[in-house]
Amino acid sequence: MNLHQLRFVREAVRHDFSLTDAAKSLFTSQPGVSKAIIEFEEELGFQIFKRHGKRIKGLTAPGELVYQACERVLAELENIKRVGEEFAARESGQLRVAVTHTQARYVLPQAVATFRKKFPKVKLILLQGTPEQLAQWVRKDQADLAVATEALADEPDLVTFPCYDWGHIAVAPTGSPLLKPFMDGGRQIALADFDQMPVITYETHFAGRKKIDAAFAKAGVTIDLVLEAIDADVIKTYVGLGLGVGIIAEVAFDALKDKGLVAVPVDHLFGRNTTRIALRQGVFMRTLMYEFIAVFAPMLTPKLIDRVLGGGDAYDI
């Protein structure tokens, strides 16, 4: 048994059981990967993978346990490497933070500026993607941590920490009749009011969209959804052109900067959302990771983070 075999098993699973793709990711040959896996299975005395002819199709029951063990062993090996890196360069190197567009555009700038001022030699990399992609990047050690609202809390091999909660607002052009009844002390907007409006909001995977859909479905309200986007700036642009009412995160609206638009709160309709920081279970926490978390979410102290990562009670806000 050797580390190469463990890596081959892990990459085969990560690449949907394509040994060709696994070999490419490891810069080796497909026959070499196949041979090493077969030798590993012979050494263990059972098959790790289900096969159909020469193709592998999935994990056997004992193979699933082997794969989980491979992940743990290789993760700990990465931790050992990071211990060396940590003490060789405590205030340099790089930090990879996976974020959604909303977090990168509206929430993180001040934290990034503060972190950069404190650690000017550190290369900070922001990786933008869907919440599902963020979870994968942290799980595969392609990102040190992730900041998002959706998906992260449901990932079994990630540990998440709530940072802040937020709601949605509805936006429309200043003077538009669409939101006029709900402005300046008017009545509170209801879900049924939206069936008279063209609606522009987030794509399904972003910024609490699932809660929006669930609320309309429960109320039996069918909306005229004219445009979806991953970016609140895009939504606000088309709202400004008069295409409809936008439903966006409250953090994405600034009355001074978004001149020409007005907003009314709708969190009473769609509930509050919680943005979280996610870390891989068992990760070695570098000083830079603690420091970045400290400027973004000061309530998440190193002591608290270590306690939860060590299996202690989960933290909640």
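Reader: What makes Cys70 buried?

Author: In this predicted model, Cys70 has a relative accessible area of 1%. Buried means under 20%, so Cys70 counts as buried.

Reader: And why is Cys163 called buried?

Author: Cys163 comes out at 7%, and the cut-off is under 20%, so Cys163 is buried too.

Reader: How many disulfides are there?

Author: The count is zero. A disulfide would need a pair of cysteine sulfur atoms within 2.5 Å.

Reader: Let's turn to aromatic rings. Why is the pair of Phe17 and Phe49 called edge-to-face?

Author: There are six aromatic pairs in the count. For Phe17 and Phe49, the ring centres are 6.1 Å apart and the planes stand at 80 degrees. Centres must lie within 6.5 Å to pair, and planes over 60 degrees apart count as edge-to-face, so this pair earns the name. Phe17 sits in the loop between α1 and α2, while Phe49 belongs to strand β1, so the pair ties together parts that are 32 residues apart in sequence.

Reader: Is Phe17 buried or partly exposed, and what makes it so?

Author: Phe17 has a relative accessible area of 22%. Partly exposed runs between the 20% and 50% limits, so Phe17 is partly exposed. Phe49, at 0%, is buried.

Reader: How do you know which kind of pair Phe216 and Phe270 form?

Author: Their ring centres are 5.5 Å apart, with the planes at 65 degrees. Since over 60 degrees counts as edge-to-face, that is what this pair is called. Phe216 in helix α8 and Phe270 in helix α10 are 54 residues apart, so the pair links distant parts of the chain. Phe216 is buried at 4%, and Phe270 is buried at 4% as well. Elsewhere, ring pairs join Phe115, Phe119 and Phe292 into a cluster.

Reader: Why is strand β7 described as largely enclosed?

Author: Six of the six residues of β7 are buried, so the rest of the structure largely encloses the strand. Strand β10 runs antiparallel to β7, joined by four bridges, and Ile247 in β10 is the bridge partner of Ala170. Strand β11 is also paired with β7 in the antiparallel sense, over five bridges; here Pro173 stands opposite Leu261.

Reader: What makes Glu71 and Arg14 a salt bridge?

Author: Their side chains meet at 3.2 Å, N to O. The limit is within 4 Å, so this contact qualifies. Glu71 in helix α4 and Arg14 in helix α1 are 57 residues apart, and both are buried. The structure holds 18 salt bridges.

Reader: How do you know that Asp233 and Lys236 form one?

Author: The N to O distance is 3.7 Å, and within 4 Å is what a salt bridge needs. Both residues lie in helix α9, three residues apart, which means about one helical turn separates them. Asp233 is partly exposed at 23%, whereas Lys236 is buried at 8%. In a separate group, shared partners join Arg10, Glu11, Arg14 and Glu71 into one salt-bridge network.

Reader: Why is Arg187 called partly exposed?

Author: Arg187 has 46% relative accessibility. Exposed starts over 50%, so Arg187 counts as partly exposed. Asp193, at 14%, is buried, and the side chains of these two meet in a salt bridge at 2.7 Å, N to O.

Reader: Finally, what makes Val234 partly exposed?

Author: Val234, found in helix α9, has 31% relative accessibility, so it counts as partly exposed. Patch residues need over 30%, and Val234 joins Val226, Tyr238, Leu241 and Leu243 in a nonpolar surface patch with about 410 Å² of accessible area together.

Technical notes
Residues are numbered from 1 along each chain as its sequence is written. This is a predicted model: local features need pLDDT of at least 70, side-chain atom pairs count only at pLDDT 80 or more; totals for chains, interfaces and linings use all residues. Side-chain values use heavy atoms; hydrogens and water are left out. Patches are made of residues with over 30% relative accessible area and no salt bridge: like charges are joined within 9 Å, nonpolar side chains (Val, Leu, Ile, Met, Phe, Trp, Tyr) within 5 Å. Accessible areas come from the Shrake-Rupley method with a 1.4 Å probe; for residues, only the protein chains shown count as cover. Helices (H or I, at least four residues) and strands (E, at least two) are DSSP runs, numbered from the N terminus. Buried means under 20% relative accessible area, exposed over 50%, partly exposed in between (1.4 Å probe, protein chains only). Rings of Phe, Tyr and Trp (its six-membered ring) pair if their centres lie within 6.5 Å; planes under 30 degrees apart count as stacked, over 60 as edge-to-face and the rest as tilted. Two strands pair if DSSP finds at least two bridges between them.
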